[in-house]
Amino acid sequence: MTDTTNSISDLIEISEDGIAFYEEAAQKVKDKKLSTLFSRLAKAKSELAAELSGEVKPVAGKKKPAKKAESSLGELSKAYAGLRKQWPDAAAERYSRMAEVEGQLQVTFQKVVLDREHSFVVRVLAKQYVSKAEVLNKELRACQRSVA
């Protein structure tokens with residue numbers, strides 16, 4: 001079993017954290033364009049989480065590893081909480097961190113795409129998300145440049 005096989009459930013959880021973060025961010029910002037972008041990010045993550053959840057088969061009696069926080073996924077799972085703390089200020093830094101987090105997620109999902117231990121459906125879902133995320137991340141980086 002590969003690292004990405006073990007992490008699909010974690011990636012779903014991280015995506016769900018991202019949904020909550022971007023939905024909240026869409027409501028907080030006054031700029032319509034940003035609000036729309038954040039809503040689109042939340043929607044892409046929501047679709048991914050829902051579709052992947054339907055493909056992940058729960059293993060009876062399996063507990064999550066306690067050491068998740070030491071992995072790169074553990075760091076990503078903390079990222080949205082950290083972004084929430086930055087929300088009231090440091091706009092340029094916040095957008096930079098958002099773009100960084102989303103880039104790390106893209107790389108992780110690209111690994112899922114290439115991991116043949118996953119079902120074809122999981123790899124296709126990951127590939128579709130990577131394609132959507134590329135476009136949305138470009139828009140996020142453009143926001144970062146306009147604020148800086």
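How many salt bridges does the structure hold? I counted 6 salt bridges. I note at the outset that this is a predicted model.

**Overall layout**

I looked up the secondary structure before going into the pairs. The protein has 5 helices and 0 strands. Read from the N terminus, its elements run α-α-α-α-α. I then checked burial, and buried residues make up 40% of the 148 residues. The accessible surface comes to about 8,500 Å². Carbon and sulfur atoms account for 54% of that surface. For the contacts, I took those between residues at least 6 apart in sequence, and 73% of them join residues at least 24 apart.

**Salt bridges**

I began with E24 and K28, which form a salt bridge with the closest N and O atoms 2.9 Å apart. Both residues sit in helix α1 (residues 3–28), and as they are 4 residues apart, about one helical turn separates them. I also looked up their accessibility. E24 is partly exposed at 29% relative accessible area, and K28 is partly exposed at 42%.

Next I looked at R97 and E100, whose salt bridge brings the closest N and O atoms to 2.7 Å. This pair belongs to helix α4 (residues 91–114), where a spacing of 3 residues puts the partners about one helical turn apart. R97 has 26% relative accessibility and counts as partly exposed. E100 is also partly exposed, at 41%.

Why do such spacings suit a pair within a helix? An α-helix has 3.6 residues a turn, so residues three or four places apart point the same way. Side chains of opposite charge can pair when their charged atoms come close.

The salt bridge between R40 and E139 has an N to O distance of 2.9 Å. R40 lies in helix α2 and E139 in helix α5, so this pair ties together parts that are 99 residues apart in sequence. I found R40 partly exposed at 35% relative accessible area and E139 partly exposed at 27%.

I also noted a network: K43, E47 and K132 are joined by salt bridges that share partners.

**Aromatic pairs**

How many aromatic pairs does the structure hold? I found 3 aromatic pairs. One of them is F21 with Y22, an edge-to-face pair with 4.9 Å from centre to centre and 80° between the planes. F21 is buried at 2% relative accessible area, and Y22 is buried at 0%.

Y22 also pairs with F38. Their ring centres are 5.7 Å apart and their planes stand at 40°, so this pair is tilted. The pair links distant parts of the chain, with Y22 in helix α1 and F38 in helix α2, 16 residues apart. Y22 and F38 are both buried. Taken together, ring pairs link F21, Y22 and F38 into a cluster.

**Helix α2**

F38 led me to helix α2, which covers residues 32–55 and has 24 residues. From its first C-alpha to its last I read 35 Å, close to the 34 Å expected at 1.5 Å a residue. I listed the buried residues of α2, among them L34, L37, F38, L41, A44, K45, L48 and L52. K45 caught my eye as a lysine in that buried list. At the start of α2, a side-chain oxygen of D31 comes to within 2.7 Å of the backbone nitrogen of K33.

**Two single residues**

Is G74 buried or exposed? G74 has 0% relative accessibility, so I entered G74 as buried. G74 belongs to helix α3 (residues 72–86). I also looked up its separation from L11, which is 63 residues away along the chain, and the two C-alpha atoms are 10.0 Å apart.

Which residues does N137 contact, leaving aside its neighbours within four places in sequence? N137 is in contact with E102, G103 and Q106. N137 itself is found in helix α5 (residues 120–147). With 0% relative accessibility, N137 counts as buried; the cut-off for buried is under 20% relative accessible area.

Definitions and conventions. Residues numbered from 1 in each chain as written. Predicted model: local features only at pLDDT ≥ 70, side-chain atom pairs only at ≥ 80, totals over all residues. Heavy atoms only, no water. Helix = DSSP H or I, 4+ residues; strand = E, 2+ residues; numbered from the N terminus. Buried < 20%, exposed > 50% of the residue type's maximum accessible area, 1.4 Å probe, protein only. Contact = heavy atoms within 4.5 Å. Expected span 1.5 Å × (residues − 1). Polar contact = N/O pair within 3.5 Å; in protein donor to acceptor, adjacent residues only side chain to side chain. Salt bridge = Lys/Arg side-chain N within 4 Å of Asp/Glu carboxyl O. Areas by Shrake-Rupley, 256 points an atom, 1.4 Å probe, with all protein chains shown as cover. Phe/Tyr/Trp six-rings, centres within 6.5 Å; stacked < 30°, edge-to-face > 60°.
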